[in-house]
Each structure stands twice: as structure tokens, then as C-alpha cells.
Amino acid sequence: MRTLLLLSFIVLSFTASAQLTRSAIPAAADVREKVLKFYPNPAASNINFEFQKANDRGYTLQIYNFVGKKIVELTSLTPKTNILLNEFYRGVYIFQLRDRTGRIIESGKFQVAK
């Protein structure tokens, strides 16, 4: 009986430590450095997208409205890009920063308040 209890304790100890190790790895892997800073949020007349580091990678910035329709696509980005919101309706918009292969590097949302 003691052997069975000891064996059960050892198995449970290894299982618990393995689960703790596995759950800690994704949390550390999810931490990414922000590439893009955007302000103001909410925005009324314009919004600025500013790169945190040098922009030499050929990024594309896409902005979608809340129902998923692409509103803007910019391929020639400067270190600080300003977008006028004259043609934007009030609401929530989603942006995606993509690299040359189309992979999403960063995404976020901002609000237009007119």
C-alpha cells in the first residue's frame, strides 16, 4: 500500500511540474515588442501611426471598418504617417501592419469620435 501511495505521489508531482513548465512557456512567447504606436485614440480629425524603430522592412498598413471592409491600404509608410479622417464615419476601426509576405506583424483598434 505504501508503495502504491509513493508511486502515485511521484507521478502526480511530475505531472504538476510538467504542466507548470508548459503553461509558463506560451506566456513568455506571447510578449512581443510593439512596432507601431498610434495616437490620439479616440481620434476626431486625424490619427498618427509612428514606428518605434527604423522602418526599412516594406510594411503595409491596412485599416478596416467594424464590419470588415478595407477602408485604407498604405504601402509607402514613413516613420510617422498621418491619416486624415474626413471620410471616416464615427465608430471603431481595426488596423493591421503587414510585412512583405502578408503576415500580420501588429494589429489594433482605434475609435473615430466626430
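**View 1. Arg 103 and its salt-bridge partner.** Let's start with Arg 103, which is exposed, since its relative accessible area is 54% and anything over 50% counts that way. Keep in mind that everything shown here comes from a predicted model. The side chain of Arg 103 meets that of Asp 99 in a salt bridge, with 3.5 Å from N to O. Asp 99, for its part, counts as buried, because its relative accessibility is 15% and the cut-off for buried is under 20%. In general, side chains of opposite charge can pair when their charged atoms come close.

**View 2. The surroundings of Asp 99.** Where does Asp 99 sit? You'll find Asp 99 in the loop that runs between β6 (91-98) and β7 (104-112). Besides the salt bridge with Arg 103, the side chain of Asp 99 makes a polar contact with the side chain of Thr 101, at 2.8 Å. Setting aside neighbours within four places in sequence, Asp 99 is in contact with Gly 58, Tyr 59 and Ile 105.

**View 3. A second salt bridge, Lys 70 with Glu 73.** How many salt bridges does the model have? The count is 2, and one of them joins the side chains of Lys 70 and Glu 73, at 2.9 Å from N to O. Lys 70 is partly exposed, with a relative accessible area of 38%. Glu 73 is partly exposed as well, at 40% relative accessibility.

**View 4. The open sheet.** Here 4 strands line up in the order β4-β3-β6-β7, with antiparallel pairing, to form an open sheet. β4 (70-74) and β7 stand at the edges; each has a single partner strand, so one side of each is left without a neighbour in the sheet. On average, neighbouring strands are turned by 20° against each other, direction ignored. Take β6 and β7: they pair in the antiparallel sense over 8 bridges. Look for Gly 91, which stands opposite Val 112 in β7.

**View 5. Ile 63 in the nonpolar core.** Is Ile 63, in strand β3 (residues 60-64), buried or exposed? Ile 63 is buried, because its relative accessible area is 0% and buried means under 20%. The largest nonpolar core has 20 residues, and those with the most contacts inside it are Phe 49, Ile 63, Ile 83, Phe 88 and Phe 110. At least two residues of this core come from each of β2 (46-51), β3, β6 and β7. In soluble globular proteins, nonpolar side chains tend to be buried together. Beyond four places in sequence, the contacts of Ile 63 include Phe 49, Ile 83, Phe 88 and Phe 110, and also Lys 69 and Lys 70. Ile 63 and Lys 109 are 46 residues apart in sequence, with 9.1 Å between their C-alpha atoms.

**View 6. Phe 88 and what it touches.** Which residues does Phe 88 touch, not counting those up to four places away in sequence? They are Ile 63, Ile 71, Val 72, Ile 83, Tyr 93, Phe 110, Val 112 and Lys 114.

**View 7. Two cis peptide bonds in front of prolines.** Most peptide bonds are trans, but this view shows two exceptions. The bond from Tyr 39 to Pro 40 is cis, with omega near -10°. A cis bond also joins Asn 41 and Pro 42, and its omega is about 5°. Pro 40 is found in the loop between β1 (36-39) and β2, and Pro 42 is found in the loop between β1 and β2 too.

Definitions and conventions
Residues are numbered from 1 along each chain as its sequence is written. This is a predicted model: local features need pLDDT of at least 70, side-chain atom pairs count only at pLDDT 80 or more; totals for chains, interfaces and linings use all residues. Side-chain values use heavy atoms; hydrogens and water are left out. A polar contact is a pair of N or O atoms within 3.5 Å; within protein, one must be able to donate a hydrogen and the other to accept it, and residues adjacent in sequence count only if both atoms are side-chain atoms. Contact means heavy atoms within 4.5 Å. Buried means under 20% relative accessible area, exposed over 50%, partly exposed in between (1.4 Å probe, protein chains only). A nonpolar core is a set of buried Ala, Val, Leu, Ile, Met, Phe, Trp, Tyr and Cys residues joined through side-chain atoms within 4.5 Å. A salt bridge is a side-chain nitrogen of Lys or Arg within 4 Å of a carboxyl oxygen of Asp or Glu. Two strands pair if DSSP finds at least two bridges between them. Axes are lines fitted to C-alpha atoms, for helices over the stretch in contact, and angles run from 0 to 180 degrees between N-to-C directions.
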